[in-house]
Amino acid sequence: MNQIKQLADLRSLTRKDLEAWLASLGLPAYRGRQLFRWLWRPGIDSFGQMTEFSKEARCLLEKHGVINTLKIVRRLVSEDGTKKLVFELDDKHYIESVIIPEKKHVTLCLSSQVGCAMGCAFCRTALMGFVRQLSPSEIVLQALHCIEEAGLDTNVRNIVFMGMGEPLANYDNFIKALRILMDNLGLDFSSRRVTVSTCGIIPQMLKLGEEIDVSLAISLHAPDDETRGKLMPINKKYPVDDLLAACRQYRLAPRRRITFEYILIKGVNDSLSQAKELVRKLHGIKAKVNLIPFNEGPELEFRCPDWQHILLFQKVLLDAGYTTIIRKSKGRDILAACGQLAGKIKGHF
Ligand code: SF4
């Protein structure tokens, strides 16, 4: 047991970290490049498979490092083709990832923490509370296993971090995971295709913009502090106007916009005056809006507005010139849709 603790979790290391680790074992840095490539090939789970390395080098790696994997314990397939994978971690906690088929490609929705401390009122993950941070390897391995599950010929193009957890509350591990996901010798995802969704932890959000180029999505869900404060406790620390001021300041790559996620909940945040307020508040931000009709599910009492009303809400934003998409969540029947992931609550996966 103690011995396992001393082993380096190699899949949690960025390429640069891996080179430094190999140098500490007396191996040349260029070997880090090779090892990194091997670690992120589908189907690799032992040093014995790494034929570029001599037997002596493989023994040395095995003595000091470990190749982490995740165990898939459940697969749930929705009638719309969305697939939810439930992973069991070494310490018997569970996390979930979702494989979402689109017309010509596949999007993965991944988790960043076990549970979540943010307590959003519309979210099943919040009911778990915070359990623990995911390591970089546990974050990236979800993508690797989803790619294997979708089939290696499938065009797995987009990743969204909208699964369990608030990614920016696990900042250090999360940024390493992003670097591995986007490394061309790792999983080689394009920065445009990786979207980080945050409830709005301002300092980490601004830091993210300085450190790495990814797409940013803000879980806004209300244009005023009173409503947002009821839905999202984080609003007390970072109120709407401060959050939007930070969005104006956010370092955005050219031709990129910030996505604002807005779950529409009947009688709570769906009035047309709130739509107009949203238009006023977004002024001056390169923004697009995703409207997400609330996904009703067990344990939560909120309801979804009528379709006609959703269209009226959308029209206010469209008339103001904002690209506004109504995102029909997939996988509702298997609790894989937005806000429905919960590891395990009362027997539900
Ligand atoms: S919506 Fe996101 S930030 Fe809020 S509780 Fe759920 S997982 Fe956490």
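## Where the two domains meet

Arg15 and Asp183 pair up in a salt bridge, with their closest N and O atoms 2.8 Å apart. That is a handy place to start looking at this structure, which is a predicted model. The count of salt bridges between domain 1 and domain 2 is one, while five residue pairs, both at pLDDT 80 or more, are in polar contact across the two domains.

On the domain 1 side, helix H2 (15-24) and helix H3 (30-39) each bring at least two residues to the face that touches domain 2. H3 gives the largest share of that face, with three residues. What kinds of residues make up this side of domain 1? Seven are charged, four are nonpolar and three are polar.

Now let's step back to the whole chain. The protein chain splits into domain 1 and domain 2, and their C-alpha centres sit 33 Å apart. Here is how the two parts line up:

| Domain | Residue range | Residues in the contact |
|---|---|---|
| Domain 1 | 2-66 | 14 residues |
| Domain 2 | 71-334 | 16 residues |

How much area do domain 1 and domain 2 bury between them? The figure is about 1300 Å², and 69% of it lies on carbon and sulfur atoms. Looking just at what domain 1 buries against domain 2, three residues stand out: Ser12, Trp40 and Pro42 supply 42% of that area, more than any other three residues.

Definitions and conventions. Residues numbered from 1 in each chain as written. Predicted model: local features only at pLDDT ≥ 70, side-chain atom pairs only at ≥ 80, totals over all residues. Heavy atoms only, no water. Domains from an automatic or database assignment. Contact = heavy atoms within 4.5 Å. Buried area = accessible area lost by both parts, 1.4 Å probe. Salt bridge = Lys/Arg side-chain N within 4 Å of Asp/Glu carboxyl O. Polar contact = N/O pair within 3.5 Å; in protein donor to acceptor, adjacent residues only side chain to side chain. Helix = DSSP H or I, 4+ residues; strand = E, 2+ residues; numbered from the N terminus. Nonpolar A, V, L, I, M, F, W, Y, C, P; charged D, E, K, R; others polar.
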